[in-house]
Amino acid sequence: MLLTLASGALFFPGLFALSTWALRRSRPGWTDNDCLTVGTRLVSSVQAVLATWAGLIIIGSCSDVVTDRHWLAREYVWFLIPYMIYDCYAMYLCEWCRTRDQKLRRATIFRNFLIENRLMVTHHAVILFVLVPVSQLKQQHTLLYKVNGILTLTTFLFCRILLFPYMYWSYGQYKGISILRVPFNIPMHCNVANAILISPQLYWFSLLCKKAARLFDTAKAKKNG
């Protein structure tokens with residue numbers, strides 16, 4: 001745990017420092033803000049690739065992705081904690097570098113940073129202070145965990161699945177036709193692409209539903225017992 005935490009604390013800031021240093025040397029015409037912004041995005045891309053790679057390993061190693069456990073799922077959470085802290089600082093550093101010529105007070109810069117990046121900061125804070133404790137301390141029986149699960153199901157349903165019929169409905173409203181006629185009035189490759197995109201969403205939603213059902217069944221059995 002501590003080794004993984006230390007590895008993340010060295011890896012992400014180190015990669016950021018190395019990338020910005022390399023950009024300054026290879027792109028002398030770039031401003032400091034350009035180098036910091038690109039360096040930040042490079043580190044974020046690396047983290048996204050690592051997270052995807054870890055997810056594929058976990059899924060490929062588990063026969064039942066709902067109940068099985070893999071050591072990498074636990075360890076990557078510890079590796080992710082330093083990234084969330086680093087990323088908040090890196091975003092603030094970019095904001096400070098972008099506005100330093102305006103001679104603003106640091107308190108003003110920090111307030112502007114929180115306002116302009118409120119969604120990302122909230123995202124990182126929720127992961128650090130809610131999801132990490134829940135996943136590490138095995139708080140699946142708590143009310144917070146259950147509320148989080150319901151919110152996850154709801155947002156996944158509306159943002160990942162119902163988005164597709166809504167797009168068809170919106171197009172039907174624009175063309176003045178029924179939603180049932182929309183698939184026959186758009187290019188076939190659009191229907192094929194949407195089908196390919198929604199298929200994994202339906203699969204993941206079914207897994208989330210199974211996980212939620214099992215969680216509440218377990219809680220009900222313990223209550224009755």
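**Group meeting: an all-helix chain, helix by helix**

Read along the sequence, this chain runs α-α-α-α-α-α-α-α. That is eight helices and zero strands. One caution before we go on: this is a predicted model.

Some totals for the chain. It has 225 residues, and 31% of them count as buried. The exposed surface comes to about 15100 Å². Carbon and sulfur atoms supply 68% of that surface. Now contacts. Take those with a sequence separation of 6 or more: 63% of them join residues 24 or more positions apart.

Let's start at the N-terminal end, with α1 and α2. Helix α1 covers residues 2-26, and α2 covers 32-61. How do their axes meet? They come within 8 Å and cross at roughly 140°. So α1 is oblique to α2, since the cut-off for roughly antiparallel is over 145 degrees. The crossing of these two helices is right-handed.

Look at the residues that make this contact. On the α1 side, they include Phe11, Phe12, Leu15, Phe16 and Leu23. Polar residues of α1 take part as well, among them Ser19, Thr20 and Arg24. On the α2 side, the list includes Cys35, Leu36, Val38, Gly39, Leu42, Val43 and Gln47.

Stay with serine 19 for a moment. It sits in helix α1. Is serine 19 buried or exposed? Buried, because its relative accessibility is 8% and the limit is under 20%. Leaving aside neighbours within four places in sequence, serine 19 is in contact with Gly39 and Leu42. Both of those partners are on the α2 side of the contact I just described.

Two more residues of α1. First, glycine 8, which lies in that helix. Glycine 8 is buried, with a relative accessible area of 0%. Which residues does glycine 8 touch, not counting those up to four places away in sequence? Pro13, Phe79 and Pro82. The Pro82 pairing spans 74 residues along the chain, yet the two C-alpha atoms are separated by 5.5 Å.

Second, leucine 2, also in α1. Here the picture turns around. Leucine 2 counts as exposed, because its relative accessibility is 62% and the threshold is over 50%. The C-alpha atoms of leucine 2 and glutamate 75 are separated by 9.8 Å. Those two residues are 73 apart along the chain.

On to α3, residues 71-99. Helices α2 and α3 pack at an angle of about 165°, with axes 10 Å apart. That makes α2 roughly antiparallel to α3. This time the crossing is left-handed.

Next, α3 against α4, which is residues 106-116. Their axes come within 10 Å and cross at roughly 120°. That makes α3 oblique to α4. Helix α3 passes α4 in a right-handed crossing. Who makes the contact? From α3, the residues include Cys88, Met91, Tyr92 and Trp96. From α4, they include Ile109, Phe110 and Phe113. Charged residues are in there too, among them Glu95 and Arg98 of α3, and Arg106 and Glu116 of α4.

Now the interior. In soluble globular proteins, nonpolar side chains tend to be buried together. In this model, the largest nonpolar core has 21 residues. Which residues have the most contacts inside this core? Val43, Tyr83 and Tyr86. Helices α1, α2, α3 and α5 each supply at least two residues of the core. The biggest share comes from α3, with 13 residues.

Tyrosine 83 is worth a closer look. Beyond its neighbours up to four places away in sequence, it touches Phe12, Val43, Ser44 and Gln47. Three of those names we have met already: Phe12 from α1, and Val43 and Gln47 from α2.

There is also a second, separate core, with seven residues. Its members include Ile161, Ile198, Phe205 and Ala212.

Last stop, helix α5, residues 118-137. Histidine 124 is found there. Histidine 124 is buried, with a relative accessible area of 3%. What does histidine 124 touch, not counting residues up to four places away in sequence? Met84, Asp87, Cys88 and Met91. Cys88 and Met91 also belong to the α3 side of the contact with α4.

To close: eight helices, zero strands, a largest nonpolar core of 21 residues, and α3 as its main contributor. Thanks, I'll take questions.

Note on methods: Residues numbered from 1 in each chain as written. Predicted model: local features only at pLDDT ≥ 70, side-chain atom pairs only at ≥ 80, totals over all residues. Heavy atoms only, no water. Helix = DSSP H or I, 4+ residues; strand = E, 2+ residues; numbered from the N terminus. Buried < 20%, exposed > 50% of the residue type's maximum accessible area, 1.4 Å probe, protein only. Contact = heavy atoms within 4.5 Å. Core = buried A, V, L, I, M, F, W, Y, C linked by side-chain atoms within 4.5 Å. Areas by Shrake-Rupley, 256 points an atom, 1.4 Å probe, with all protein chains shown as cover. Axes fitted to C-alpha atoms, helices over the stretch in contact; angles between N-to-C directions. Parallel < 35°, antiparallel > 145°, perpendicular 65-115°, else oblique. Left-handed = near helix turned anticlockwise from the far one by under 90°.
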